[in-house]
Amino acid sequence: MQLIFDFPVNSKYGFDNFVVCAGNKTAYHFARQLAEGDGTENLLYLYGAKGSGKTHLLTAIANSIGSQSGLAALPSISFKDIDKIYDGHYPAEELSKLAEQFKSSPALLIDDIHLIPDNDSIRVELWQLFNDFYTAGKKIAISGLYPPKELPNLDGHLTSRLLWGLVSKLDISGDDSLRMILQKLAEDRQIVVPEEVIAYLLVHLHRDIPTLLDALQLIHHHALMTKKKISLRQAKEALSR
């Protein structure tokens, strides 16, 4: 398993197919400013609920910077994988595994920073890595569930530095935002979904994108298998299975 993963440049997650709505437009513009700007802004922190589009924007940033740098992929890390990276051992006096992975990267991309463990060695490694990129003027994009001051187990210096840069929340919990995103997801998959089906999903399911996307795919698969047109009745039948 690849522990430090790459954001591929030729990804389906780019700026062009990110659905911009009231709850994420600032984050979208900040992400483009970081990726495509003149270097005036080199630090971005994005936060918001699961499925709000943070990883999509991080990947879009990687696409843009990778294309500008002529790279096929950029190294990145999600703190969801931290135990696999270190196998539960955090030696304090060895070469930083994080620094080794990012040593030739033009940007530092970190996802799920809210999952950083309560470990001094990891805090030191992350702070040093961040500081190396920051002082070198390289671009840094980080995401997490919470605003900087609410992030657990983070070095206080890093919390302060995150507040120096661009900070934006992604909130797509509103009906209009979710409706726009679901319609876009359906269009991308060449699926025609009636408005009444989308309205039903928003009322009866958890309102996070992974859950709604799973439901959309289930309804589509059921329609293909039963050779039925997607409708409210067919959607209810598919979801009841």
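Is aspartate 112 buried or exposed? I began with this residue and found that aspartate 112 is buried, because its relative accessible area is 12%, below the limit of 20% for that class. I note at the outset that the model is predicted.

**Entry 1: aspartate 112**

I placed aspartate 112 in the loop that joins strand S5 (107-111) to helix H5 (120-135). I then checked its backbone and read a positive phi of about 60°, although the residue is not a glycine. For context, most residues other than glycine have a negative phi. I next listed the contacts of aspartate 112, leaving aside neighbours within four places in sequence, and obtained Ser78, Phe79, Lys80 and Ser143. I also took one distance: from aspartate 112 to glutamine 101, 11 residues away in sequence, the C-alpha atoms are 18 Å apart.

**Entry 2: asparagine 153**

I looked up a further residue with a positive phi and recorded asparagine 153, a residue other than glycine, with phi near 65°. I located asparagine 153 in the loop between strand S6 (139-144) and helix H6 (156-164). Its relative accessibility is 29%, so I entered asparagine 153 as partly exposed.

**Entry 3: confidence**

I turned to how far the model can be relied on. The mean pLDDT of the chain is 88, and 91% of the residues reach 70 or more. Where is confidence lowest, and where is it highest? I found the lowest mean, 45, in strand S1 (residues 6-8) and the highest, 98, in strand S2 (residues 43-48). Over residues 1-10 the pLDDT is below 50, yet I counted 38 contacts in the model for this stretch beyond near neighbours in sequence.

**Entry 4: the chain as a whole**

I counted 10 helices and 7 strands in the chain. The C-alpha trace spans about 60 × 40 × 35 Å along its principal axes. Of the 241 residues, 47% count as buried. I also looked at contacts with a separation of 6 or more, and 76% of them come from residues 24 or more positions apart.

**Entry 5: domains and the largest pocket**

I noted a division of the chain into domain 1 (24-169) and domain 2 (175-240). Their C-alpha centres lie 33 Å apart. I then asked where the largest pocket lies with respect to these domains. Domain 1 and domain 2 both give residues to its lining, so I placed the pocket between them.

I recorded a volume of about 960 Å³ for the largest pocket. Its lining has 34 residues, and those nearest the centre are Tyr13, Gly51, Gly53, Thr55 and His56. I sorted the lining by class and obtained 13 nonpolar, 11 polar and 10 charged residues. Among the helices, I found that H2 (54-69), H7 (175-188) and H9 (209-226) each supply at least two residues of the lining.

**Entry 6: serine 173**

I examined serine 173, which is found in the loop between strand S7 (166-170) and H7. I entered serine 173 as partly exposed because its relative accessibility is 45%. Apart from neighbours within four places in sequence, serine 173 is in contact with Leu178 and Arg207. I also checked methionine 225, which is 52 residues from serine 173 along the chain, and their C-alpha atoms are separated by 32 Å.

**Entry 7: histidine 220**

I closed with histidine 220, which lies in helix H9; H9 is one of the helices that supply residues to the lining of the largest pocket. How far is histidine 220 from valine 193, C-alpha to C-alpha? I read 9.0 Å for this pair, with the two positions 27 residues apart along the chain as the sequence separation. The contacts of histidine 220, again without neighbours within four places in sequence, are with Ile191 and Ile230. The relative accessibility of histidine 220 is 25%, so I entered this residue as partly exposed.

Conventions
Residues are numbered from 1 along each chain as its sequence is written. This is a predicted model: local features need pLDDT of at least 70, side-chain atom pairs count only at pLDDT 80 or more; totals for chains, interfaces and linings use all residues. Side-chain values use heavy atoms; hydrogens and water are left out. pLDDT is the predictor's confidence in each residue, from 0 to 100. Helices (H or I, at least four residues) and strands (E, at least two) are DSSP runs, numbered from the N terminus. Contact means heavy atoms within 4.5 Å. Domain bounds come from an automatic or database domain assignment. On a 1 Å grid over the protein atoms alone, a cavity is a set of points where a 1.4 Å probe fits but cannot get out, and a pocket is an open set with protein on both sides within 12 Å along at least five of seven lines; lining residues have an atom within 4 Å of a point. Grid points are joined across faces, edges and corners, and a volume is the space filled by probe spheres set on the points. Ala, Val, Leu, Ile, Met, Phe, Trp, Tyr, Cys and Pro count as nonpolar, Asp, Glu, Lys and Arg as charged, and the others, Gly among them, as polar. Buried means under 20% relative accessible area, exposed over 50%, partly exposed in between (1.4 Å probe, protein chains only).
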